[in-house]
Amino acid sequence: IPNGPTLEPSAKLTQEGDKLTGVLIMGDRERPISEGAIKNGEVTFKVVSKRDDRTVTSSYRGKISGDTIKGKWDSDWTGDVVTRDWEAKRSK
């Protein structure tokens with residue numbers, strides 16, 4: 001978070017063909033992913049949540065390389081859309 005703490009969320013993801021399902025876990029909250037897909041080594045999904053009576057959408061996209069996914073995410077959490085880098089590593 002800019003000028004704030006570092007977040008280390010985790011995810012439980014399941015691939016069935018080109019479809020991706022699962023949850024994003026932030027602290028004690030689990031948020032289901034939607035529109036999840038894997039195609040040609042590219043991962044995409046969205047996480048929708050509520051903040052101050054409004055809907056917030058975070059869109060994730062990334063490239064799979066071995067046990068790592070690196071990419072970008074866009075979120076309108078602050079009211080304006082911001083883009084950040086993200087990286088996920090498979091837990092052992």
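Here are some short exercises on this predicted model, each with a worked solution.

Residues are numbered from 1 along each chain as its sequence is written. In this predicted model local features need pLDDT of at least 70 and side-chain atom pairs count only at pLDDT 80 or more, while totals for chains, interfaces and linings use all residues; side-chain values use heavy atoms, with hydrogens and water left out.

**Exercise 1. The sheet**

Find the order in which the seven strands form the open sheet, and say which are the edge strands.

Solution.
- Start with the terms: strands are DSSP runs (E, at least two residues) numbered from the N terminus, and two strands pair if DSSP finds at least two bridges between them.
- The order is S1-S2-S3-S4-S5-S6-S7, with antiparallel pairing.
- S1 and S7 are the edge strands, each pairing on one side only.
- From one strand to the next, the twist averages 25° (axes are lines fitted to C-alpha atoms, and angles run from 0 to 180 degrees between N-to-C directions).

**Exercise 2. Two strand pairs**

Work out how many bridges join S1 to S2, and how many join S3 to S4.

Solution.
- S1 (residues 10-16) and S2 (residues 19-26) run antiparallel and are joined by seven bridges.
- Within this pair, lysine 12 has valine 23 of S2 as its bridge partner.
- Two residues lie between the strands of this hairpin, where glycine 17 takes a positive phi near 65°.
- Moving on, S3 and S4 are also antiparallel, with five bridges, and isoleucine 38 stands opposite valine 43 in S4.

**Exercise 3. The nonpolar core**

List the residues of the largest nonpolar core and find the element that gives the most to it.

Solution.
- A nonpolar core is a set of buried Ala, Val, Leu, Ile, Met, Phe, Trp, Tyr and Cys residues joined through side-chain atoms within 4.5 Å; buried means under 20% relative accessible area, exposed over 50%, and partly exposed in between (1.4 Å probe, protein chains only).
- The largest one has 10 residues: Leu20, Leu24, Ile33, Ile38, Val43, Phe45, Val47, Tyr60, Ile69 and Trp86.
- S2, S3 (29-39) and S4 (42-51) are the elements that give two or more residues to this core.
- S4 gives the most, with three residues.
- Tryptophan 86 has contacts (heavy atoms within 4.5 Å) that include Phe45, Tyr60 and Ile69, not counting residues up to four places away in sequence.

**Exercise 4. Salt bridges across the sequence**

Explain why the salt bridge of arginine 61 and aspartate 74 ties together parts that are apart in sequence.

Solution.
- A salt bridge puts a side-chain nitrogen of Lys or Arg within 4 Å of a carboxyl oxygen of Asp or Glu, and the whole structure has five.
- In this pair, the closest N and O atoms are 2.8 Å apart.
- Arginine 61 lies in S5 (residues 54-65) and aspartate 74 in S6, so the pair ties together parts 13 residues apart in sequence.
- Arginine 61 counts as partly exposed, at 34% relative accessibility.
- Another salt bridge joins aspartate 85 and lysine 72, with 2.5 Å between the closest N and O atoms.
- Here aspartate 85 is exposed at 58% relative accessibility, and lysine 72 is partly exposed at 36%.

**Exercise 5. Serine 75**

Decide whether serine 75 is buried or exposed, and find the side chain that it meets in a polar contact.

Solution.
- Serine 75 lies in S6 (residues 68-75).
- With a relative accessible area of 3%, serine 75 is buried.
- Its side chain has a polar contact of 3.0 Å with that of serine 58 (a pair of N or O atoms within 3.5 Å; within protein, one must be able to donate a hydrogen and the other to accept it, and residues adjacent in sequence count only if both atoms are side-chain atoms).

Technical notes
Helix = DSSP H or I, 4+ residues; strand = E, 2+ residues; numbered from the N terminus.
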